[in-house]
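Colleague: Could you walk me through this model at the bench? I would like to start with the cysteines and then turn to a helix.

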Amino acid sequence: MTSVRVRVWAPGGAALAVLVAMGAWVLWPPGIDSRLWGEVRPVIEARLVADSRGDGYGETVPALRARWFCRAEALDLRTDPDGVVRAGVNTLCVEYGVRAGALLECGGAAYPQVVRLAREADGHYRVVSRQEPPDGEGYSAWTRAHFSHFAESAAGDPLSATPLETAARAHFGLPPDAPVTDC
């Protein structure tokens, strides 16, 4: 009797294991190509900084020497058949200034975006478009339409400002333990 059960249940169990594995493979988010991300990330972050300029309170107070610092984390990354790279990213941009040995946080923004980049003849990438979600009611619908299931759920995760604070302290020549206060 035992050998009959094994003969009947073993193939069924194996088939179930294959189905579960296939389901996980189909639903699991694709890996991010670290080489490609290493090439496009600096371009995306530089564009975020450039597009943030002029939007901050600190920039209106010259004594603060305010500057924007931005970071991006990949949620989705792929190269389309036309060679354009589509990067679904979570972003954080913070405007920092300095006063009396303290780092001042003057403003900031964080939201997911879709950035498209094209490779130039010299091999470098340039941003050809950026899309961001609308404020209010359309935010959720926009993220559902622009990100995979797993990327959509991560799109609302907050990014740490610590790397930006570290970069800002270095930029302004402040010690690593300089306090961060509001503008």
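Modeller: Happy to; here are the cysteine links, followed by one helix.
This is a predicted model, where local features need pLDDT of at least 70, side-chain atom pairs count only at pLDDT 80 or more, and totals for chains, interfaces and linings use all residues. Residues are numbered from 1 along each chain as its sequence is written, and side-chain values use heavy atoms, leaving out hydrogens and water.

Colleague: How many disulfides does the structure hold?

Modeller: A disulfide here is a pair of cysteine sulfur atoms within 2.5 Å. Cys70 is joined to Cys93, S to S 2.2 Å, and Cys106 to Cys183, S to S 1.9 Å. The number of disulfides is 2.

Colleague: How far apart in sequence are the parts tied together by Cys106 and Cys183?

Modeller: The link of Cys106 and Cys183 is right-handed, with 45 degrees about the S-S bond. Cys106 lies in strand S3 and Cys183 in the segment after S5 (strands are DSSP E runs of at least two residues, helices H or I runs of at least four, numbered from the N terminus). So the parts that this pair ties together are apart by 77 residues.

Colleague: Is Cys183 buried or partly exposed?

Modeller: Buried means under 20% relative accessible area, exposed over 50%, and partly exposed in between, with a 1.4 Å probe and protein chains only. Cys106, at 14%, is buried. Cys183 has a relative accessible area of 32%, so Cys183 is partly exposed.

Colleague: Which residue follows H5?

Modeller: Helix H5 covers residues 162–172, with Leu164 and Phe172 among its buried residues. The residue after H5 has a positive phi, near 70 degrees, and is Gly173.
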